[in-house]
Structures are given as structure tokens and as C-alpha cells.
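Let's take a walk through this chain together, moving from its cysteines to its helix packing and then to a few individual residues. Please keep the structure open beside you as you read.

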Amino acid sequence: MRSAFLDNIKGIACLLILFHHLAFYGPMSDVANTVIPNSIDFFFDGARLAVAVFLCIGGFLTGLKLSEPNFFAKHSVQQVIWHKYLRLVIPYLGAIALAIAASFAASRLMEHHSISAMPDVPQFLSHLFFLQNILGYESLSAGLWYVAIDFQLFAVCALLVFLVEKLSPASWSYRSTRLITLIIFSALTIASVIFFNRDDTFDVWFIFFFATYGLGLLTAYLVRSQSHHVLILSVAAITIFSLYYQDFRERLLIALLMAFLLFGSYVSNWSKSKLWNNPLRKIGEMSYSIFLVHFPVSLVVSGIWVQLYPSDPWMNVFGMGLSALLSLLLALPFYKYIEKN
């Protein structure tokens with residue numbers, strides 16, 4: 001599904017994450033904080049909630065794909081997961097190459113905790129298979145954990161749907177297998193809400209993020225279903241658990257609001273308005289490329305700014321804006337020649 005409305009939402013979320021990383025990693029934000037402390041605080045704390053938007057959208061798009069009737073009667077589960085891996089890993093490896101080069105250049109200009117050392121073979125292989133966080137290796141670029149989690153979530157969901165379809169008796173209808181799938185997805189979402197998402201020791205595993213991803217999944221099944229009552233009950237149960245158990249976890253509220261927006265965009269005409277054909281749509285289309293290239297760009301700009309403007313707060317504000325702009329510009333060829341190639 002290619003939705004201009006959805007791309008607008010992704011564009012806004014992408015920009016928030018870009019500025020969150022600029023605020024989080026410094027060093028420009030450390031200097032700029034003296035003149036725009038409220039903005040830095042917002043991007044440092046509030047903007048990271050945009051991750052919940054991407055997780056919910058990711059679950060929704062996965063749900064739309066996997067909820068096709070008898071999906072794995074038409075597709076090999078190995079091919080589906082392999083295709084997802086290739087879509088993620090090719091631009092991901094390009095970003096790692098950029099990050100290694102940027103870290104080398106930045107290390108000649110400044111000393112900072114965000115600069116990574118040259119990776120050894122085990123560290124690189126752990127990144128190649130999205131295992132760096134599970135195995136305890138330092139990430140080579142900001143945000144690569146999200147790519148690993150996205151792959152885990154997709155692969156687990158694909159395997160679950162495949163096993164339900166494969167192990168169910170041939171006499172069972174699609175509605176029966178879909179109901180079993182829904183029960184499993186609802187159980188995983190609720191388990192994540194009430195337990196796993198509350199314990200940071202699970203934050204390298206898919207189950208920690210299933211609270212938000214699962215809401216997107218269930219929304220996709222809702223819009224595909226001709227009999228909505230089971231799905232509505234599932235979403236209602238998850239909402240009640242979320243409100244009862246959260247302390248107060250804003251990311252769940254953001255994901256819940258996003259789920260309602262996704263449902264509305266799919267079943268109504270307002271999401272088809274020409275209003276959504278704007279620059280944010282292009283940013284949303286390129287969001288993965290922007291997400292991958294912005295950290296190497298910010299490392300190099302930060303290194304130059306440390307040399308030129310080590311204590312000028314307004315020039316560091318300008319440097320943050322310049323870093324964001326250069327990230328968007330670099331994402332254009334990266335998207336065209338690497339992500340879409």
C-alpha cells in the first residue's frame with residue numbers, strides 16, 4: 001500500500017527522530033542548549049516517541065500483507081523473510097560504510113563518545129545478521145537497533161502466520177485460521193503491554209516492542225475483515241490493559257492514536273485528498289534512507305563545528321539545522337541508487 005497520507009505521517013515522524021538524534025548525541029546540541037534549552041529538551045525527550053509511530057505503521061503494513069487469504073499458499077515463507085532481509089540489509093550496509101568513514105573523519109576532528117572505533121570481524125558479522133544488540137556489540141551507527149527489531153518483528157509474525165496456515169486442518173476455512181492468528185497476535189500484544197514492555201531487559205527482543213507493533217497488526221486485520229466484532233474486542237481489550245497497566249507510557253497512547261488514524265485512513269476518503277501531495281510525502285517515502293544517513297552526516301558536521309565554533313551557541317543551532325538539511329540532501333541519491341536499486 002502506497003498512501004500519501006501515510007507518507008506524510010512517516011515524514012513528520014522521520015524529522016522528529018532526526019532532530020532527536022541531533023539533540024541526543026551532541027556535541028552541537030550541548031552548546032546550543034544554552035540558548036534553546038526548551039527545544040533541545042523537547043527533541044531529546046519528546047521526539048523519540050515518533051518511534052512508536054513507525055512501529056505501529058510497520059505492524060499495519062505487515063498485517064496488510066500477511067492477512068491476505070491463504071497468503072502462504074501463494075508464497076514461500078523463506079522467500080518472504082529473505083525478501084524483507086534484503087530490503088533492509090542492502091541500504092543498512094551502505095549506511096554502515098558511511099558511518100565507518102564518518103567516524104574515521106570525525107575522530108580526526110574531535111573526541112566524542114558517539115564516535116565508533118573501526119569494527120572487527122565479529123562485530124561486523126553481528127551487524128550483518130542484525131544481532132549486534134543481542135550479542136552485546138557496540139552499534140556502528142545510531143538507530144541500527146530499530147532495523148534489527150523491525151526484522152525480528154516481521155520474521156516472527158510471518159512464521160506465526162505460516163505455522164497457523166500450515167498446521168491447521170485442510171478442512172478449516174480462512175476465517176478459522178485468521179481467528180487463531182488474531183488470538184495469538186492479541187495475546188502477544190497484551191503480554192507485551194502488561195509485562196515485557198515494562199522491563200528494559202527485553203528491549204533487544206521483538207516482544208518488548210510488540211505492544212505498539214501489535215496494535216498496527218490488529219488494525220490491519222480489522223480493515224481487512226468483513227466481520228469486525230472479534231477484532232474490535234481485541235483492540236478494546238488491549239486498550240483497557242494499556243490504560244490500566246501503564247505508568248503512564250506515552251508511547252502506547254501514541255501507538256493507539258496512530259492505530260485509529262490508520263483505520264480511518266483506510267476506510268474513508270479524506271486520506272485520498274490532494275492535500276497530502278506535499279514535500280512531507282517525499283520525506284516519508286525516503287524515511288528509511290534519511291534514518292540511515294543522518295547520523296554519519298551529523299558526525300562529520302559536528303567534527304567541523306567543534307573546530308570552527310566550539311562555543312558559539314547560535315552557530316551550533318545553525319550547525320544542527322545544516323546537518324538536518326545535508327541529511328535530507330544525501331538521502332536523495334542514497335534512496336535512488338541504494339535503497340530502491
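How many disulfides does the count come to? In this predicted model, the count comes to zero disulfides. Take cysteine 56 to begin with: the nearest cysteine sulfur is that of cysteine 157, and it is 13 Å away. A pair of cysteine sulfur atoms has to lie within 2.5 Å to be counted as a disulfide, so cysteine 56 is in none. Turn to cysteine 157 and you find the matching picture, with the sulfur of cysteine 56 as the nearest cysteine sulfur, 13 Å away, and no disulfide. Cysteine 56 has a relative accessibility of 0% and therefore counts as buried. Cysteine 157 is likewise at 0% relative accessibility, so it counts as buried too.

Cysteine 56 also leads us into the helix packing, for this residue is part of the contact between H4 and H11. Helix H4 covers residues 50-66 and helix H11 covers residues 206-224; their axes are 7 Å apart and the angle between them is about 40°. That angle makes H4 oblique to H11. As for handedness, H4 and H11 cross in a right-handed way. On the H4 side, the residues that meet H11 include Ala52, Leu55, Gly58, Gly59, Gly63 and Leu66. On the H11 side, the partners include Phe209, Tyr213, Gly216, Ala220, Val223 and Arg224. Sorted by class, the contact of H4 with H11 has 13 nonpolar residues, seven polar ones and one charged one.

Now move to the pairing of H1 with H3. Helix H1 spans residues 4-25, while helix H3 spans residues 37-46. Their axes are 8 Å apart, and they pack at an angle of about 110°. Because angles from 65 to 115 degrees count as roughly perpendicular, H1 and H3 are roughly perpendicular to each other. The crossing of H1 past H3 is left-handed. H1 brings Leu16, Phe19, His20, Ala23 and Phe24 to this contact, and H3 brings Ile40, Phe42, Phe43 and Phe44. By class, that gives eight nonpolar residues, one polar residue and no charged residues.

A third pair to look at is H9, residues 144-167, with H15. Here the axes come within 10 Å and cross at roughly 140°, and H9 and H15 are therefore oblique to each other. Leu144, Tyr146 and Val147 of H9 make the contact with Tyr288, Phe291 and Leu292 of H15. Six nonpolar residues make up this contact of H9 with H15, with no polar and no charged ones.

Staying with H15, which runs over residues 287-308, look for isoleucine 304. Its relative accessibility is 36%, so isoleucine 304 counts as partly exposed. The C-alpha atom of isoleucine 304 is 7.9 Å from that of alanine 106, although 198 residues separate the two along the chain.

Next, go to the loop between helix H1 and helix H2 (28-32), where you will find proline 27. With a relative accessible area of 14%, proline 27 is buried. What is proline 27 in contact with, leaving aside its neighbours within four places in sequence? The residues are Met110, His112, Ser302 and Val306. Proline 27 and proline 310 are 283 residues apart along the chain, and their C-alpha atoms are separated by 9.2 Å.

Threonine 177, in helix H10 (residues 174-194), is another residue to visit. Its relative accessible area is 9%, so threonine 177 is buried. Beyond its neighbours within four places in sequence, threonine 177 contacts Val164 and Ser168.

Finally, let's look at two backbone details. Asparagine 70 is not a glycine, yet it has a positive phi of about 50°. This asparagine sits in the loop between H4 and helix H5 (71-74), and at 38% relative accessibility it counts as partly exposed. Phenylalanine 130, also not a glycine, has a positive phi of about 60°. You will find phenylalanine 130 in the loop between helix H7 (121-128) and helix H8 (132-135). Is phenylalanine 130 buried or exposed? At 3% relative accessibility, phenylalanine 130 counts as buried.

How values were computed:
Residues numbered from 1 in each chain as written. Predicted model: local features only at pLDDT ≥ 70, side-chain atom pairs only at ≥ 80, totals over all residues. Heavy atoms only, no water. Helix = DSSP H or I, 4+ residues; strand = E, 2+ residues; numbered from the N terminus. Buried < 20%, exposed > 50% of the residue type's maximum accessible area, 1.4 Å probe, protein only. Contact = heavy atoms within 4.5 Å. Axes fitted to C-alpha atoms, helices over the stretch in contact; angles between N-to-C directions. Parallel < 35°, antiparallel > 145°, perpendicular 65-115°, else oblique. Left-handed = near helix turned anticlockwise from the far one by under 90°. Nonpolar A, V, L, I, M, F, W, Y, C, P; charged D, E, K, R; others polar.
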